[in-house]
Amino acid sequence: MRKRKKWLLLGIALFLLILFGLSQFYAYIMKDQWNERNAAKEVAKTRAGLTEISKAQKSVWDENSVYWVLTGKNKAGTDLMVWVRFTVDGKPAGGDNGVYAEELAKGTSEKQIRSIIASQLPGIDIKRLLPGVYNGEYAWQLFYKQEGHYYYKFFRFADGTAIGDGYTLPSK
């Protein structure tokens, strides 16, 4: 009986040690991402006047289009979307075009863009929809599956119109 209790306690201790190790490994892997997100939040608060942040998403299309896009409210309670450009080194780009803020009422919200997508591309399986930048335009980036193929398509944030024809990813 005593031996069984000893092995049970040893097993629990080993399990907790493994769990602790996995959590530390996860924190180590995610540290850079969390630091970038926190830097983007600070820039959005100081340069764009966000006081409340409800969503922060990272968008990467190419090495010149690395953005954190934050959604939230300013002091007046207006809903804003803020694009904070980053360098490939994970630092805020700064400069005049390093931050762009727009009222959601003057652009296309996620709900509106989903409605536009549903009417233009019925029956698709949306894998990911996030705001970003495409060819220098602030846009919604749609990644979706249709009839066994994967596609990227972009829609302007300003009015929800499609930008170009999109991209078809090669089949395996």
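This section describes charged side chains, a surface patch and backbone outliers in a predicted model.

A search of the whole structure identifies six salt bridges. One of them pairs Glu-110 with Lys-55, with the closest N and O atoms 3.0 Å apart. This pair links distant parts of the chain, since Glu-110 belongs to helix H2 (residues 110–120) and Lys-55 to strand E1 (residues 50–60), with the two positions 55 residues apart in numbering. Glu-110 is partly exposed, at a relative accessible area of 24%, and Lys-55 is likewise partly exposed, at 33%.

A salt bridge is also formed between the side chains of Lys-73 and Asp-79, with an N to O distance of 2.8 Å. The relative accessible area of Lys-73 is 29%, so this residue is classed as partly exposed. Asp-79 has a value of 35% and is also partly exposed.

The side chains of Glu-137 and Arg-156 form a further salt bridge, at 2.6 Å from N to O. Glu-137 is located in strand E6 (residues 137–146) and Arg-156 in strand E7 (residues 149–156); the pair therefore ties together parts that are 19 residues apart in sequence. Both partners are partly exposed: Glu-137 has a relative accessible area of 26%, and Arg-156 has a relative accessibility of 25%. Elsewhere, salt bridges with shared partners connect Lys-55, Glu-110 and Arg-114 in one network.

Glu-102, in strand E4 (residues 99–103), is buried and has no salt bridge. The nearest side chain of opposite charge is that of Lys-106, at 4.7 Å. This distance does not satisfy the salt-bridge criterion, because a side-chain nitrogen of Lys or Arg must lie within 4 Å of a carboxyl oxygen of Asp or Glu. The side chain of Glu-102 does make a polar contact of 2.6 Å with the side chain of Tyr-100. When residues up to four places away in sequence are not counted, Glu-102 touches Asp-79, Leu-80, Met-81, Trp-83 and Phe-157. Among these neighbours, Asp-79 is the residue already described as the salt-bridge partner of Lys-73.

A nonpolar patch on the surface is formed by Leu-8, Leu-9, Ile-12, Phe-15, Leu-16 and Leu-19. Together these residues have about 610 Å² of accessible area. Leu-8 is located in helix H1 (residues 2–48). With a relative accessible area of 55%, Leu-8 is classed as exposed.

The backbone was also examined for unusual phi values. Most residues other than glycine have a negative phi. Asn-135, although not a glycine, has a positive phi of about 50 degrees. This residue is found in the loop between strand E5 (125–134) and E6, and is exposed, with a relative accessible area of 61%. Glu-147 is not a glycine either, and has a positive phi of about 50 degrees. Glu-147 is found in the loop between E6 and E7. The relative accessibility of Glu-147 is 77%, so Glu-147 counts as exposed.

Methods: Residues are numbered from 1 along each chain as its sequence is written. This is a predicted model: local features need pLDDT of at least 70, side-chain atom pairs count only at pLDDT 80 or more; totals for chains, interfaces and linings use all residues. Side-chain values use heavy atoms; hydrogens and water are left out. Helices (H or I, at least four residues) and strands (E, at least two) are DSSP runs, numbered from the N terminus. Buried means under 20% relative accessible area, exposed over 50%, partly exposed in between (1.4 Å probe, protein chains only). Lys and Arg count as positive and Asp and Glu as negative; His and the chain ends are not counted. A polar contact is a pair of N or O atoms within 3.5 Å; within protein, one must be able to donate a hydrogen and the other to accept it, and residues adjacent in sequence count only if both atoms are side-chain atoms. Contact means heavy atoms within 4.5 Å. Patches are made of residues with over 30% relative accessible area and no salt bridge: like charges are joined within 9 Å, nonpolar side chains (Val, Leu, Ile, Met, Phe, Trp, Tyr) within 5 Å. Accessible areas come from the Shrake-Rupley method with a 1.4 Å probe; for residues, only the protein chains shown count as cover.
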